[in-house]
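Thanks for sharing this one. Here are a few notes to read alongside the coordinates.

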Amino acid sequence: MSIAPLDQESSEDKIVPGSSKAEVRSSDNKKPVKRKRQSTSHLKAVPETSALREEMKAEAEKFVEKLDCSNPFNKTTLEAWSRELLEQMNQPEKFLGFMMVLIGNFFWKRQFLAIPFERRLLLLPHCLKHAEGCPAEYDEFGLDCEKCGACSIADYKVRAEQLGYKVLVAEGSPVVLKIIVGGYVDGILGVACLNVLEKSIDKVLIAGVPSYAVPLHSGDCKNTKMDEPWIWEVLEEYRPLEQPLTRSYLPTMRAANALFEDNFDQILPPLRTKTEAAARTPLGKTEAISYDWLKHGGKRFRPFITLAAYDALIKAQQADDTAETTYPLGVQKAAMSIEVFHKASLIHDDIEDDDQYRYGRETLHRQHGTGMAINIGDYLIGVGYRLLNEARADIGAEAASDLIEKMSAAHIRLCEGQGAEMAWQESETFELAPLDALQIYALKTSPAFEAALYAGIRMTGSVGEYEELISSFSRHIGVGFQILNDLKDWQGDDNNKLISGQDALAMRPTLLLALALQTADDQQKADLKDILQGHPSDGARIGRLRQIYQDCDVFNKAEALVDKSRARAEELAENVENEDFKQLLMFFCDTVLAEETPEAKPEPQVLMPTA
């Protein structure tokens, strides 16, 4: 159901079917072709005639029949498959996005049809409504259809609800992922334009969620059309399968989510706040705020890593490796502890950087004061170690001891990285090499990934052969992740900090700044120093800084370093013999280091002071 950022590759290259590695290999085993980011608007044309759309659909179905569907595809593999088929059909590149949707559909169609109606979500776009005279209103979930019969939304909505579907009229809504991970549905039937499909739920697809998309004929968002038979042919059909054809990380994602949504009180029972009245007392306030902060916000990816690593390694020890893994309480406690330590570090990090927002709401020190926030962070650190100690009953005292040692080492390295960042901010030299920034990144971000992987493996037995691997892999993943975070800082982030360029305004030692200082001439360096020392207003500073970064080609250089980190992490994963663990590491590469869809950035002069 998703197109991802569309990259240029030679259509002569042969794809390794079923490989989750983001690469295209030629028939003579040459190295993967270097991908180049670019605008994708010219690749999203929909064929004008019904005959051509039907022909491409039929060919996509035949193409998928020869693929190995045991592992979910990633966006680069999907693009390469689509280029190959377009070349076979002698069709132009402009239909690439459309073909990607078709191939993705048939990859998942059989498994989507095996999902009972009551476990499916129908996702409809509001642009199918008649723009004039629509009586429906919007609520927090999207368009509240009045079923007046004026447009086709009511037709699909009524029939789908009769069958048992959940129906959402809100294209691209963030609530979709929560509905999936929350356990409400197992598959998605969606209608959207190619622009929306490109930006939507590619991570859900990589995770192994069966999805089927019906593309709109245009993206003008007003009274648009689609091939209506395409939705009816899957909407009402149900064909069960004995077992899924493609591996899925959805059960593990749900298990990680359940730690906080369903099992929280069992894993971490309240001590001071057993009643609402107790939570309002001075003695109960710290626990109440801490537990609320822990329960809400964030993607819970770190505990997912721990559970997924545990699942991958424990399967090798089981006679039936197809059975769904159950997680002992001690394993759940250890997985939750990873998130506890992470959430504690975010509180302190937000204080040190004086960040304004986290998870779309004000940071804790802005809500409750700096002193209370520091105390809550310290409290959570204690909770994390308590959870690891309590895990002994299920994972054994020796394993618990090893986890405590690993977590404490990660904690120390994180503080070293954060300390180096603050020391640089206080320095008067204004010197920062890219290697210095990368070293800080490795200390601040990589230890959490490493500890999460280590914990999952160690709870199944000895880490042994994987210890060096997970250290190197986590370093590349962590560094790449932090660089991506720097790049996102220039786009704003609805789930996090909300303000474009906030890291730059706070004068943090980012890689982007280091790359600019490495290339800048004397005048640009003087301008950088002036900008970062607070002159003039914030808006003009961001505009001037963006201009210098663009002149120094900083954004492209940073993206190239992300590609390098991704390639090195993938190379390490490829050498893992355990197939389940290998695919898990590849999944991390595809999610943590996922390429972002290019979005239009304001021109530098927009925020520049006028003459």
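**Notes on a helix and a sheet**

1. Let me start with helix 18, where the buried residues are A399, A400, L403, K406, M407, A410, G417, Q418, E421 and W424. Please keep in mind that this is a predicted model.

2. What do the buried residues of helix 18 pack against? Their partners are helix 14 (329-353), helix 16 (370-390), helix 17 (392-395), helix 19 (434-458), helix 20 (467-489) and helix 22 (511-519).

3. The length of helix 18 (residues 397-426) checks out nicely: with 30 residues at 1.5 Å a residue, the expected span is 44 Å, and the end C-alpha atoms lie 43 Å apart, which agrees.

4. Now to the sheet, which is open and built from 4 strands in the order 4-1-5-6, with parallel pairing. Strand 4 (166-169) and strand 6 (211-215) each have a single partner strand because they stand at the edges, so one side of each lacks a neighbour in the sheet. On average, neighbouring strands are turned by 15 degrees against each other, direction ignored.

5. For a closer look at one pair, take strand 5 (residues 187-192), which pairs with strand 6 in the parallel sense over 5 bridges. Here G190 has A213 of strand 6 opposite.

6. Which strands does helix 3 (residues 96-113) touch as it packs on the sheet? Its contacts are with strand 1 (120-124), strand 5 and strand 6, and the direction of helix 3 makes about 140 degrees with that of strand 6. Helix 8 (residues 228-235) also packs on the sheet, touching strand 1, strand 5 and strand 6; the direction of helix 8 makes about 160 degrees with that of strand 6.

Terms used. Residues numbered from 1 in each chain as written. Predicted model: local features only at pLDDT ≥ 70, side-chain atom pairs only at ≥ 80, totals over all residues. Heavy atoms only, no water. Pairing = 2+ DSSP bridges. Helix = DSSP H or I, 4+ residues; strand = E, 2+ residues; numbered from the N terminus. Axes fitted to C-alpha atoms, helices over the stretch in contact; angles between N-to-C directions. Contact = heavy atoms within 4.5 Å. Expected span 1.5 Å × (residues − 1). Buried < 20%, exposed > 50% of the residue type's maximum accessible area, 1.4 Å probe, protein only.
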